[in-house]
Amino acid sequence: MDVKAAPNGVATIEDRILRITGYYGYYPGYSSQKSTSRSSVTRCKPGANCPSSHSSISRQLSPLSVTEDSSAPILELQSRGSSGVCGHRAERQNRSGDDGTQTHPEDSSQGNRIKARCLSCTSVVLKAIWGLLIILSVSSSWVGTTQIVKITYKNFYCPFFMTWFSTNWNIMFFPVYYSGHLATAQEKQSPMKKFRECSRIFGEDGLTLKLFLKRTAPFSILWTLTNYLYLLALKKLTATDVSALFCCNKAFVFLLSWIVLKDRFMGVRIVAAIMAITGIVMMAYADNFHADSIVGVAFAVGSASTSALYKVLFKMFLGSANFGEAAHFVSTLGFFNLIFISFTPVILYLTKVEHWSSFAALPWGCLCGMAGLWLAFNILVNVGVVLTYPILISIGTVLSVPGNAAVDLLKQEVIFNVVRLAATVVICIGFLLMLLPEEWDEITLRFINSLKEKKSEEHVDDITDPSVHLRSRNRAIGTVSIPLA
């Protein structure tokens, strides 16, 4: 039974219901056109060609195909109970083909994003693996150097000769670097070309005789003094105490950078410096201020101070250096040591301050082992900055303290009392506080705020989940809410 058209253009009761319920395929005259479309659709036998029906359907769809969404419900209604309607399958295939061509760029961009994430994750994992290896190598090389020095002192005590001998091995730093360059670089350079390229650390003109004497001399003296004081401290104190006291150089670097280089003031690093000084005093008190203990602490603190001065002056005059420039500079220090400082061990030998019977009686095995591990430590520190995160190098250095403590306990050369253990822990904590970045407070606040936002989002999701489940359950049952018009 037909119903006359209403003033609003709605022709039938079905059109009214569809308009009220908000059916997404509704348009004025929907039911009348649907009825005509039903009457125009002819059924045919399977396998038969139905051109007339196909043309009638496409004719009816053409005025409604302004958007792809408007034609979707009509196709859906026509396909119900009419499996033999010809042309519907072709229309659906065309539409699926259009959808596929539209989603293809999105799939490719999503694939590129996944590849980028995989590459970034792979690089992070590789850096972490290299960092773990570098940490173990740095700490073990430093522990090995310290323990070999203690073993050498049992039969041979010539600390300056040992310092001079190990510093000469720095000459091999640049050849080791160039060998790595030949093994890994695609465009290989000649030794002289690479040497000139790395000598730019001294300036645009490269390494000249004036710069060799002006820039190398103070750093070579500081290098020799640092190692010499460290070896003197190992005669008076245990390896654990000396390695712990040497970790105070980070605090001294901060104080000198703050005073000389006008670096940013950080309260947490001031706390770390105070902790380092407290640990020094506690370490001297551990042996009731014994004479040897006080002298040994003074030597170790002096070694840490000259090391800090070396680093601050290097940053002031030479700035930052890459791996090749660092290798060139350390090899230059070795040459300067061989040429200009060789007279010092000769004088000490002639004055019998550091004397030995013959060169054959020298413990060459221990000397070469000490010098090789010292060179390996310097190479690893510079290689580690390239391969992994610089903070891991510092962690490897501080791990030498528990490493030396384990070896001293096995050798029964140290007895840990409460004061000595507390001093070691305080110095190590101060060292770790020095590793905090300059924006550590802002990073911490951002991290705490992100955690709070995440918790609030999870709380909102927990509140909305029951209503979502209730709606989905109502839809599954078939309940439809009809708004009142």
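**Exercise 1.** In this predicted model, which residues is Lys 411 in contact with, leaving aside its neighbours within four places in sequence?

*Solution.* Start by finding Lys 411 on the chain: look in helix H18, which covers residues 400-411. Now set aside the neighbours within four places in sequence, and you're left with contacts to Gln 147 and Lys 150. Next, check the side chains: those of Lys 411 and Gln 147 are joined by a polar contact of 3.1 Å.

**Exercise 2.** Does Lys 411 count as buried, partly exposed or exposed, and why?

*Solution.* First, recall the cut-offs: buried is under 20% relative accessible area and exposed is over 50%. Then take the value for Lys 411, which is 30%. Lys 411 therefore counts as partly exposed.

**Exercise 3.** How many residues of helix H6 are buried, and which residues does Phe 156 touch?

*Solution.* Go to residues 159-168, the stretch of H6: 10 of its 10 residues are buried. Among them are Phe 161 and Met 162. Both of these also appear, along with Phe 156, in the list of residues with the most contacts inside the largest nonpolar core, which has 61 residues. Now turn to Phe 156: not counting residues up to four places away in sequence, it touches Phe 161, Met 162, Trp 356, Leu 362, Pro 363 and Leu 367.

**Exercise 4.** What kinds of residues make up the lining of the largest pocket?

*Solution.* Begin with the space, about 1,800 Å³. The lining has 49 residues, with Lys 250 and Ser 394 among those nearest the centre. Sort the lining and you get 29 nonpolar, 13 polar and seven charged residues.

Note on methods
Residues are numbered from 1 along each chain as its sequence is written. This is a predicted model: local features need pLDDT of at least 70, side-chain atom pairs count only at pLDDT 80 or more; totals for chains, interfaces and linings use all residues. Side-chain values use heavy atoms; hydrogens and water are left out. Helices (H or I, at least four residues) and strands (E, at least two) are DSSP runs, numbered from the N terminus. Buried means under 20% relative accessible area, exposed over 50%, partly exposed in between (1.4 Å probe, protein chains only). Contact means heavy atoms within 4.5 Å. A polar contact is a pair of N or O atoms within 3.5 Å; within protein, one must be able to donate a hydrogen and the other to accept it, and residues adjacent in sequence count only if both atoms are side-chain atoms. A nonpolar core is a set of buried Ala, Val, Leu, Ile, Met, Phe, Trp, Tyr and Cys residues joined through side-chain atoms within 4.5 Å. On a 1 Å grid over the protein atoms alone, a cavity is a set of points where a 1.4 Å probe fits but cannot get out, and a pocket is an open set with protein on both sides within 12 Å along at least five of seven lines; lining residues have an atom within 4 Å of a point. Grid points are joined across faces, edges and corners, and a volume is the space filled by probe spheres set on the points. Ala, Val, Leu, Ile, Met, Phe, Trp, Tyr, Cys and Pro count as nonpolar, Asp, Glu, Lys and Arg as charged, and the others, Gly among them, as polar.
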